[in-house]
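User: Got a minute to go through a model with me? I'll put it up here and just fire off questions.

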Amino acid sequence: MTQLRVEAEGVASAAPEVVWELVSNADSYSEWGPWSASGYENLGARAPDSAGVIRWMRYGRTTTVEKVLESERARRLVYTVVKGIPVRNYRAEVTLSPEGEGTHIRWTASWDRTLPGRIVHSRLRTIIAAAERSALPA
């Protein structure tokens, strides 16, 4: 089946280790992103950025649940959607790499091209465009 794809990238002035703490810690998502609440399901003694961790975030009336598939500290995080948004075979990857004194951040996501998936694609593109506009200097 054909896949839909969304990606965004930019440069943060903070070091990769600092950016990693934001990207990998679902508890903080509601502090810096568009989510009204966020956290973990049954984290227990596991590290919040380890493979197998289940995290969630609420945006409007939708709570999306994700599972971390792969994690390379301060470099790469791969996850899938378990439930929440109506997509099939969703896979996203966040990569961080040093750039000067800061960090180059790249986020990509893909999923099956279904009718609900196309609606999600349109909505994510709108959210990303708004985030990029708000990050531009005045």
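User: Which polar atom lies 2.5 Å from the backbone oxygen of tyrosine 90?

Analyst: One on the side chain of threonine 80. Keep in mind that this is a predicted model.

User: Where does threonine 80 sit, and is it buried or exposed?

Analyst: Threonine 80 is part of strand β5. It counts as buried because its relative accessibility is 18%, and the cut-off for buried is under 20%.

User: What else does threonine 80 touch, beyond its neighbours within four places in sequence?

Analyst: Val65, Glu66, Lys67 and Leu69, plus Tyr90 again.

User: And what is tyrosine 90 in contact with, with the same neighbours left aside?

Analyst: Tyr79, Thr80, Val81, Ile85, Trp107, Ala109, Ser110 and Trp111. Tyr90 also stands out in the largest nonpolar core: of its 24 residues, Tyr90, Trp107 and Trp111 touch the most other members.

User: Which elements each supply at least two residues of that core?

Analyst: β1, α1, β5, β6 and β7. As background, nonpolar side chains tend to be buried together in soluble globular proteins.

User: OK, zooming out. What's the strand order in the sheet?

Analyst: The sheet is open, with seven strands ordered β1-β7-β6-β5-β4-β3-β2 and antiparallel pairing. β1 (3-12) and β2 (37-41) are the edge strands, each pairing on one side only. On average, neighbouring strands are turned by 25 degrees against each other, direction ignored.

User: Where does helix α1 pack?

Analyst: On the sheet: α1 (residues 16-24) touches β1, β2, β3, β4, β5 (76-83), β6 (91-99) and β7 (102-112). The direction of α1 makes about 160 degrees with that of β6.

User: Back to β2. How many of its five residues are buried?

Analyst: Four of the five, so β2 is largely enclosed by the rest of the structure. Its pairing with β3 is antiparallel, over five bridges.

User: And how many bridges join β3 to β4?

Analyst: Six, between residues 54-59 and residues 62-72, again antiparallel. You can follow tryptophan 56 across: in β3 it has glycine 39 opposite, and it also stands opposite valine 65 in β4.

User: Switching to loops. Which side chain does the side chain of aspartate 49 make a polar contact with?

Analyst: That of tryptophan 20, at 2.9 Å. Aspartate 49 is in the loop between β2 and β3.

User: Is aspartate 49 buried or exposed?

Analyst: It's counted as buried because its relative accessibility is 14%, against a cut-off of under 20%. Not counting residues up to four places away in sequence, aspartate 49 touches Trp20, Ser24, Val68, Ser71, Arg73 and Leu77.

User: What about backbone oddities, say, what is phi of asparagine 42?

Analyst: Near 50 degrees, which is positive in a residue other than glycine. Alanine 74 has a positive phi too, near 65 degrees.

User: Where are those two, asparagine 42 and alanine 74?

Analyst: Asparagine 42 is in the loop between β2 and β3, while alanine 74 is in the loop between β4 and β5.

User: Buried or exposed, for asparagine 42 and for alanine 74?

Analyst: Asparagine 42 counts as exposed, with 71% relative accessibility. Alanine 74 is buried, with a relative accessible area of 12%.

Methods
Residues are numbered from 1 along each chain as its sequence is written. This is a predicted model: local features need pLDDT of at least 70, side-chain atom pairs count only at pLDDT 80 or more; totals for chains, interfaces and linings use all residues. Side-chain values use heavy atoms; hydrogens and water are left out. Two strands pair if DSSP finds at least two bridges between them. Axes are lines fitted to C-alpha atoms, for helices over the stretch in contact, and angles run from 0 to 180 degrees between N-to-C directions. Contact means heavy atoms within 4.5 Å. A nonpolar core is a set of buried Ala, Val, Leu, Ile, Met, Phe, Trp, Tyr and Cys residues joined through side-chain atoms within 4.5 Å. Buried means under 20% relative accessible area, exposed over 50%, partly exposed in between (1.4 Å probe, protein chains only). A polar contact is a pair of N or O atoms within 3.5 Å; within protein, one must be able to donate a hydrogen and the other to accept it, and residues adjacent in sequence count only if both atoms are side-chain atoms.
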